[in-house]
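Consider how the interior of a protein chain and its charged side chains can be read together from a single model. The account below follows that order of interest, beginning with one charged pair.

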Amino acid sequence: MTLNGPPLRHPLIPSSAQAARPWLRRSLVGALGLVGALVTATPGQAAEALLVSYGILERSIPIADLEQFAATGELTPQLKIYSRQLQLSDAQLSQVREVLTTPATLSPVAVAQFLYTEQGVLLLEQLSRVVQTPVRQANVQALRGALILAAADPESGFTLLNVLKTYPTVAIRIDLVEGLAIAQEINQAVLQSEAAFAEVQALAKQEAEANPVDAAALLRLVQSERQYGIDLIRVVVPGLPRPVQLYLPQVQPGRRGVPRQGFPLVVISHGLGGTRNSYAYLAEYLAEGGIAVATLEHPGSNDQQLYALLAGRSDAVVQDEEFLRRPRDVSLTLNTLDRLNKSPSPIRGQLDLSRVGVVGQSFGGYTALALAGATFDLAGLAAACPPGTLSFNPSLLLQCQVAHLGDPGASLTDRRVKSIFVINPIGSALFGPTGYGRIDRPVMIVGGTADTIAPAFPEQIVPFTWLTTPDRYLLLIDRGTHFSTIGDVATGDQPLAIPPEIIGVRPELVWSYMQVLGLAYFKLTLEGDQRFQPALQPAFADALGMDPYWLSLVDDIPPALPPAPSASPSPNRVGEGATAAP
């Protein structure tokens, strides 16, 4: 079936380009991050009083005072004293009141199911260093119970004030020493990230100014490749419950024909909670440019797995074995396509399985890295897991599951994969420097400075320095979030609604970046077409990017990244992107 669509909405792309549909499919990592954010934002208070301790000093705040403030905005005499001591402005008090009373749309089943998963338990244990019973004891069960009971309140719902009221002890203690230690660790991580973002951006800008390109001509070159229609073919792959979608380039009258050796193939691996349609916008664009695309669905980590978790039919975000199954799902898909390509079928002779690329986002980025040769670093993972404190990098909670598995060695590698394009990938602790160093084929790593799920500094920038392959690229999207590149699905229902602020504004602009740079990247790395080399230079990315998502592209950065500054940096575009809400 031939697919045609409306024009792409990137201001720099000709109007003939194709647009993505308006619905977003959020990944399960997003759900994990949202619930985790709610949990970590819960400093806990007692059913009757909040005890705030700092060493030998201690203050008691009645919960009733907070209830009155939340309901009326008026401070009791005691709260007025604390407000003066903390020098809180009227605007800050208004923010505190909003935090206390703003409900989150989470069902008690969803909250309970997450808090009983391995990731939920780790979060509760870390929180219990700060949130304790009156006798200074950590109590995971009490904190879990308060969160679940608050979510079950039919009137007020899941609010911070409700969590405080439902904590099942007479009082709840906040240990400020532990809290400030955690805050300092996170603050240092944020400052170090900002310094790294500034370094990458400066290097990209310097290189772009030193080696300019004709950006308009390169855009025309990319667009000129889009000469094909699309046949959408469903392929049944033994071992996968849902058919794979094959976007096969369709020859148009008067245009290019099928290449003598067949079309190169790109496989797209979605993130946690995604579907085979999560990157349909990219699949269609690549296919129009003469690159066949297969989008598969990983049954153990798709949207149905998220539904199962929230409905109580699963007790884990994902099973440990999913780390082994995902790369093998891709290999199974390649096996089936190779067989059909060599036998009587609608695709016979149209694919070149010696030129295969993989696109992966988040957990799909892990999948692509494993297929490209990255191996597990179980010793390094054991040292990092479980995280000892509330982490600036929530993806570690997922990576730590691999510690339960044996070492698969290089068995997940597929030599047919010649190039990978990974977006917000996770794997810093899982693979480590040794694992990343074993990748011997072209790699494009994409990160966003506002990604709070798989933060760009520990998960993309630092691992980029570990790569030894000569063909490597790092693309940094200023203010890009973990969800900025995730595309559309036809259905509007979703397991958990992610607020637009977490997705980011104008995601369709980021989609257009992925389309243009993705096609140029695979034209170069799979077809060997050197005309596209300038499109993978800093000057082209600099010209392509626009407000609010500026782009910085480098192919090398110093092995020693800048240390965390001793003082907060002055506000600038990089800093704002790094600390913005997801």
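## Charged pairs and nonpolar cores

In this predicted model, Lys-165 is partly exposed, with a relative accessible area of 32%. Its partner is Glu-67, with which Lys-165 forms a salt bridge whose closest N and O atoms are 3.2 Å apart. Because Glu-67 belongs to helix α2 (residues 63–72) and Lys-165 to helix α8 (residues 160–166), the pair ties together parts that are 98 residues apart in sequence. Glu-67 is likewise partly exposed, at a relative accessible area of 32%.

A salt bridge also joins the side chains of Glu-225 and Arg-531, at 3.2 Å from N to O. Glu-225 sits in the loop between α10 (215–224) and β5 (229–235), while Arg-531 sits in the loop between α20 (507–525) and α21 (538–544), so this pair ties together parts that are 306 residues apart in sequence. Glu-225 is buried, with a relative accessible area of 2%, whereas Arg-531 is partly exposed at 42%. Arg-531 also meets Asp-529 in a salt bridge of 2.8 Å, N to O, and Asp-529 counts as buried at 17% relative accessibility. These residues belong to a network of salt bridges that links Glu-225, Arg-256, Lys-523, Glu-527, Asp-529 and Arg-531.

Turning to the nonpolar interior, the largest core has 71 residues, and Ile-420 is among those with the most contacts inside it. Leaving aside residues up to four places away in sequence, Ile-420 touches Val-358, Ala-368, Leu-369, Ala-372, Pro-442, Val-443, Met-444 and Tyr-521. A second, separate core of 54 residues includes Ile-230, Met-514, Ala-535 and Leu-551.

Methods
Residues are numbered from 1 along each chain as its sequence is written. This is a predicted model: local features need pLDDT of at least 70, side-chain atom pairs count only at pLDDT 80 or more; totals for chains, interfaces and linings use all residues. Side-chain values use heavy atoms; hydrogens and water are left out. A nonpolar core is a set of buried Ala, Val, Leu, Ile, Met, Phe, Trp, Tyr and Cys residues joined through side-chain atoms within 4.5 Å. Buried means under 20% relative accessible area, exposed over 50%, partly exposed in between (1.4 Å probe, protein chains only). Contact means heavy atoms within 4.5 Å. A salt bridge is a side-chain nitrogen of Lys or Arg within 4 Å of a carboxyl oxygen of Asp or Glu. Helices (H or I, at least four residues) and strands (E, at least two) are DSSP runs, numbered from the N terminus.
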